[in-house]
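Here are a few exercises to work through with the model open beside you. Try each task before you read its solution.

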There are 2 protein chains.
Amino acid sequence: MNFVFNERDGCGKCPIRHRAVCARCDEDELSVLEGMKSYKTIEQGEPIIWRGDDLHHISSVVSGIASLSRTLEDGRTQVVGLLLPSDFIGSPGRQTVDFDVTAVTDVTLCRFERRSFEKLVQDVPHISQRVMEMALDELSAAREWMVLLGRKTAREKIATFIEMVVRRDTVPIHAGQPHTLPLTREEIANFLGLTLETVSRQLSSMKKDGVLTFEDRRRFTVLDLAALQDATGDDADGGIIV
Amino acid sequence: MNFVFNERDGCGKCPIRHRAVCARCDEDELSVLEGMKSYKTIEQGEPIIWRGDDLHHISSVVSGIASLSRTLEDGRTQVVGLLLPSDFIGSPGRQTVDFDVTAVTDVTLCRFERRSFEKLVQDVPHISQRVMEMALDELSAAREWMVLLGRKTAREKIATFIEMVVRRDTVPIHAGQPHTLPLTREEIANFLGLTLETVSRQLSSMKKDGVLTFEDRRRFTVLDLAALQDATGDDADGGIIV
DNA sequence: CATCGGTATTGATCTGGGTCAAAGTTGTTG
DNA sequence: CAACAACTTTGACCCAGATCAATACCGATG
């Protein structure tokens, strides 16, 4: 359901929301890594790592948004995931990444030397459990996205995406609060399996129908949340009926 | 790459290929579960568990094939994964499944009481690491499938699927050995985000082009493997170029 | 071996979204 | 503030694949 923006139990003290790997919060457990972590900033639009590249670090996104994507020989691109603060780049036990990772905004990473991280995973059972949970969350979200890519119409795809952005902007429950699209039209298109023209048209159409207004290209306000949710093609609450 | 048919290191002694959870192989480690496992058979076409249902067991597929799918209100269905021998239904730490699970063929399950299984995951670090690895494998495969669903043409989708079936039929390296489609045209369509008519047409077209022959509806032989692989739209070896 | 129900093929037609093209908008840089 | 580049919108047209419909192919069953 929440592909982009998972709510996870964080420590609340720092941008790396996973206690298990937040070196700032669980000093004792992670003291092994203390000397080994380093921060790095990547500018908007720059590649972070290419598919197949050797992975020397396991990194956690501290701030900004990165995308995971694959491009076919002829240039068709599919974004298969967005990485937000607390998400990882690289996994213990994997030499390479399977997708291109790109900075969608300026991105700050907290990097751990891979070998040490893997050792940690082996030594601290708590951590492999946490990584397992994260992987299972993302697996479920990826499958949810497969339904969107395989079976939803353009209108439903856009509505699902917007609804996700709105749901993510957790803090301001003030109705009518404006939200910000984190991606360009082209990036949205590559995420939804559409073209940028179709994205633009559908957004215009939702505007015409009074579902949204745009303050500018990126900032928008939802006028009719019920209509938006209806348009996603999902069950009422995206949840369990039984 | 290998969404359906992962090659995994098994114990080679039993149908549950994961040592970590194969009670028949690692008797010592898993003796806790000895008394708690039970076998169950589900007939072809029957539901195994519905999305949202309470999950009393974690099961491992012993034989047969099951599908994970989601159906929208109006009947559009997307298959998000196939479960083969050694794959799990249910995950430690999750009360419910997020997708409908259906027996595509007759399926035999080996079931463990969920609570006990979860305890095992907590107590034996080896196991959470194994589940983590499996989840990461499936996550990568799911993302690979997202590329197919979002960006590939009907022809490329079919070619990818056939190539996968062929690659899975690991044993007979005898060229020209016939293979069997594990799914009906409709099931293939729901897996590829197509209609059954399009699946049928593309298969006919590949037959006409001399890529395949069909012995009957389900059994086929690849005549031109290179052409098949070309048609998938993937890189030459589906792998790392750097 | 005739009938029947599920499955598959093939044809005819339609259409959602892609493609190609031309402005319009906004932000940036000298 | 002019000029340019990057992004976005909108229009016109097209086509891959969906939809609708008819027929063919099995395998099972009495």
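**Exercise 1. Work out how chain B is placed relative to chain A.**

Solution. Start with the superposition, done by least squares on the C-alpha atoms of residues with pLDDT of at least 70 in both copies. Chain B lands on chain A after a rotation of 180° with 0.0 Å of shift along the axis, and the RMSD is 0.1 Å. The two copies are therefore related as by a two-fold rotation axis. Next, look for the axis itself: within chain B, Met132(B) has the C-alpha nearest to it, at 2.1 Å. Finally, check the contact residues, where contact means heavy atoms within 4.5 Å. Of those in chain B, 98% recur in chain A, so the same surface serves both copies.

Before going on, a word on the ground rules. This is a predicted model, in which local features need pLDDT of at least 70 and side-chain atom pairs count only at pLDDT 80 or more, while totals for chains, interfaces and linings use all residues. Residues are numbered from 1 along each chain as its sequence is written, chains are lettered from A and ligands numbered from 1 in the order in which they are written, and side-chain values use heavy atoms, with hydrogens and water left out.

**Exercise 2. Find where the pLDDT of chain A is below 50 over residues 22-28 and 238-242, and see what contacts these stretches have.**

Solution. First take the overall score: pLDDT is the predictor's confidence in each residue, from 0 to 100. Chain A averages 85, and 81% of the residues score at least 70. Now turn to residues 22-28, where the value is below 50; this stretch has 16 contacts in the model beyond near neighbours in sequence. Residues 238-242 are also below 50, with eight such contacts. Where pLDDT is low, the predicted coordinates should not be read in detail.

**Exercise 3. Decide whether Asn190(B) is buried or exposed, and list its contacts.**

Solution. Locate Asn190(B) in helix H5 (residues 185-192) of chain B; helices are DSSP runs (H or I, at least four residues) numbered from the N terminus. Its relative accessible area is 16%, so Asn190(B) is buried (under 20%, with exposed being over 50% and partly exposed in between, using a 1.4 Å probe and protein chains only). Leaving aside neighbours within four places in sequence, Asn190(B) touches Arg151(A), Thr77(B), Gln78(B) and Val79(B).

**Exercise 4. Describe what surrounds DNA strand C.**

Solution. Count the residues near the strand (one heavy atom within 4 Å): there are 17, and the closest are Ala154(A), Thr198(A), Arg217(A), Arg185(B) and Ser204(B). H6(B) gives the largest share, five residues. Then pick out polar contacts, here pairs of N or O atoms within 3.5 Å. The side chain of Arg185(B) has an N or O atom 2.7 Å from a phosphate oxygen, while a polar side-chain atom of Arg201(B) is 2.9 Å from a base nitrogen.

**Exercise 5. Do the same for DNA strand D.**

Solution. Of the 17 residues around DNA strand D, those that come nearest include Ser200(A) and Ala154(B). The largest share, five residues, is from H6(A). For phosphate oxygens, Thr198(B) has a polar side-chain atom 2.4 Å away, and Ala154(B) has a backbone N or O atom 2.8 Å away. Of the strand D atoms within 4 Å of the protein, 62% belong to sugar or phosphate and the rest to bases.

Methods
Polar contact = N/O pair within 3.5 Å; in protein donor to acceptor, adjacent residues only side chain to side chain. Helix = DSSP H or I, 4+ residues; strand = E, 2+ residues; numbered from the N terminus.
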